[in-house]
Every structure is written in structure tokens, then in C-alpha cells.
Amino acid sequence: MPRILNNALEAVGNTPLIRLDKVAKHYDLRCNLLGKVEYMSAGGSVKDRIAKAMVEAAEREGKLIPGKSVVIEPTSGNTGIGLAMACAIKGYSVIICMPEKMSLEKEAALRALGAEVVRTPTEAPWDSPESHIGVAQKLQREIPGGVILDQYRNANNPLAHELTTGPEIIEAVVSTPTTPEQPSSEKVDVLIASAGTGGTVTGISRAIKKKHNKECIVVGVDPEGSILAYPDTLNSKHQGESYVVEGIGYDFIPDVLSRDPVDVDAWIKTNDDEAFAAVQVIMKNEGLLVGGSSGSALIGAIKWLKETKEGREVAEKEEKNVVLILPDGIRNYIGKEWFLNGAMRGERSPLADTIAKV
Ligand SMILES: C=C(NCc1c(COP(=O)(O)O)cnc(C)c1O)C(=O)O
């Protein structure tokens, strides 16, 4: 029931799970494609959830003291935005260390929320002093009250998804009964998520497999150039190559990512072009203004559904529920060339010719 909230943190999560029927038709799928639309969270991304969880856990443990502590975090931006939102509400100073590659839009949102932003060289290896992680550690050593909550190692990252994102998905699927028009197994049959820290895919997988459906197939999506996919042989062809999509892929394996096949059954590699084309498919067919890694998740799903034996079996069954995590929205990338190319200079509707003649 609608009620007055105390602050924006109470509007984190509880995002809709929306049918992507026109996208499924576009790719000739018979199964249900369901998108968990995370840009509808208060801070605009899936990372709001871990930011809130890490801050509140640190407060409970006495690690954050109002008026004294300075939250410092290495991030590709969205975790930073979630932290800056929490710190604005709770009264902590915050410094975000973010690689140069990440969008100006994310930096602007961070600064608008009161954060200081330190940019670092994108190509710096994760364990070098110049990386976003190395610079955050240096700042913590030198700034009194500096606290790194550390999304790459903090158990509250995957736990936030095990306790919130996963149960929300399960509840939505279980409470939507099958009908002749919209057949459903009433289970989460497949979960597909792109990976950065790996907290999302790990945490949701644990929720589903422990409490709902241990037969659920969990697919991780990792960009070409990154090394998160398992087995490592999947990564060798493009290892070290740069990529434009933001928020996913790393040159190290974060502690919070479980590559145990029990948690993540399969991995799919994707590239920028196919991801950004998939963003346009979601926008034009479903009216959802998603970000680049949502395109990675969608094209990763399509590749798994079309190019693997297990996937083809799922794709043909109209009752099967395939859940995709759509991590953020186009707000973070509205001026980026990859988006403008598609939106402003892409295929126009037939109406364009008519308008030109008026
Ligand atoms: C790691 C960070 N983001 C993760 C992320 C992800 C991956 O979420 P993980 O739970 O970190 O695997 C997907 N898409 C976008 C747009 C993201 O920002 C970060 O914002 O620091």
C-alpha cells in the first residue's frame, strides 16, 4: 500500500519485473522473457541495494561515525551514486574513485549528490597504485576517518541481492499465476545477469537455488576483454582488449563473485556492438530506457537461448520464465556516442518521410 517514506533510501529496490514480449518476438523466442528494471530504483541502478546495505552494516558495526567518517569507494559509478545518495541522507562525506572511461553523466550525478570525484587511468591494472582501487586505498591511508566499504570484498554486496533482488523476483513469478494467454511454470527457470563485482548474479542465484528452484539455470554475462567468465578458456581470445560498455567486466576476480558452477551454471561473452544494438531493441520494443549493460544481458541471453542445447530447449517452451537483470538506465549515458548513434542517427520510422513532405 502507498505510504509516506522517510527518505530516498526507502525507495531503493522493489523494482518491477516486466514482460519483454515484443523483444521475445523480435528474437523468435517462445519462452517468457522478464526484465528486472533496476533503473526504477531511487538512485537509478541495481547498485543502490548494495550501497544501502554496506552503509547500514558499517553503521551497525560502528565503522561509520556521523560528522567524522569519510566514505571512500572505488567504483565504475553506480555504486558510487548509491553511496553518495546514502551519504547525502545520512550526513557522511564521500569520495568516489572512478576510471576515466566512465561517463561524465555519472560524474555529474555524483557531484550533484555532494561527492568528490577522483578520476583514474582506465588502463591501470586493478592492483596498481594508480588504479581506482589503488587510489582509494591511498586516500584512505591519508585522510582521517577514511573508510572503504569495498564492494569487491564486502559480503553485504551479494547478501543484499540474496535478501532483496532475488526474493522480489521469486515473489513476482510465484504470485503471477499461469493463464492460457500467458502460460507460466510459476518458477524462475533461468536467471541471466551481467557481471562486474559479480555480487548481483551470485546473490540472486543463492536466493533462487536455496529457497525456490535449485534447478534454475544461472547464466553470467561477461564482456570480451574481461576475465570473469568461467572456465578461463572463454576469456583468452580477447583478454586485455578494451571495451566501451560500463559497469561490467574486470581484470581480476572480485572476492564476492562465485565462479562455482553451483552458483553460476554457464557464462556467455558479449561485445559492445551487439550490446548497444540490443539496447535499441529494448527501447524501441518495450519503451524501457535502459543502459548499456542491459543490452549485454539481453544479447547474452539470446546467445545462450539460441546457441546452447539447454538454451534451445528453454527457448521453445512457452511456460519457461527467463529473467534478465537490467541494471541501470540511459540517464548515465545520454550523451555517449554509442547511444546517440542509435537514437539520433539510427533507423527512422516511416513517418519521417511523411513529416519531411509536410
Ligand atoms: C561495479 C559497479 N557496477 C556494477 C554494474 C553491473 C554489474 O553488477 P555487479 O553486481 O557488480 O556484478 C552491471 N551493470 C552496471 C551498469 C553496473 O554499474 C559499480 O558501479 O561500481
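Where is the place of P231? Look in the loop between β8 (217–223) and β9 (266–270) of this predicted model. There, a cis peptide bond joins Y230 and P231, with omega at about 0°.

A second backbone detail is found at D28. Although D28 is not a glycine, its phi is positive, at about 60°. If you would like to find D28 on screen, go to the loop between α1 (21–26) and β2 (32–37).

Now let us turn to the ligand. The ligand sits in the largest cavity. Two elements, α3 (78–90) and α7 (199–211), are the ones that give two or more residues to the shell around the ligand. That shell also draws on two domains: at least three of its residues come from domain 1 (8–44 + 156–326), and at least three come from domain 2 (47–148).

Who makes up this shell? In total, 22 residues surround the ligand, and the closest are T75, G196, T197, T200 and S293. Sorted by character, the shell residues divide into 14 polar, 5 nonpolar and 3 charged.

Some of the contacts can be followed atom by atom, and each of those described here involves an oxygen atom of the ligand. For K47, an N or O atom in the side chain is 2.8 Å from a ligand oxygen. N78 also uses its side chain, with a polar atom that lies 2.9 Å from an oxygen atom of the ligand. In G198, by contrast, the partner is a backbone N or O atom, and the distance to a ligand oxygen is 2.8 Å. How much of the ligand's accessible area does the protein cover? On its own the ligand has 470 Å² of accessible area, and the protein covers 99% of it.

Technical notes
Residues are numbered from 1 along each chain as its sequence is written. This is a predicted model: local features need pLDDT of at least 70, side-chain atom pairs count only at pLDDT 80 or more; totals for chains, interfaces and linings use all residues. Side-chain values use heavy atoms; hydrogens and water are left out. A residue is near a molecule or strand if one of its heavy atoms lies within 4 Å of it. A polar contact is a pair of N or O atoms within 3.5 Å; within protein, one must be able to donate a hydrogen and the other to accept it, and residues adjacent in sequence count only if both atoms are side-chain atoms. Accessible areas come from the Shrake-Rupley method with a 1.4 Å probe; for residues, only the protein chains shown count as cover. On a 1 Å grid over the protein atoms alone, a cavity is a set of points where a 1.4 Å probe fits but cannot get out, and a pocket is an open set with protein on both sides within 12 Å along at least five of seven lines; lining residues have an atom within 4 Å of a point. A molecule sits in a cavity or pocket if more than half of its atoms lie within 2 Å of its grid points. Helices (H or I, at least four residues) and strands (E, at least two) are DSSP runs, numbered from the N terminus. Ala, Val, Leu, Ile, Met, Phe, Trp, Tyr, Cys and Pro count as nonpolar, Asp, Glu, Lys and Arg as charged, and the others, Gly among them, as polar. Domain bounds come from an automatic or database domain assignment.
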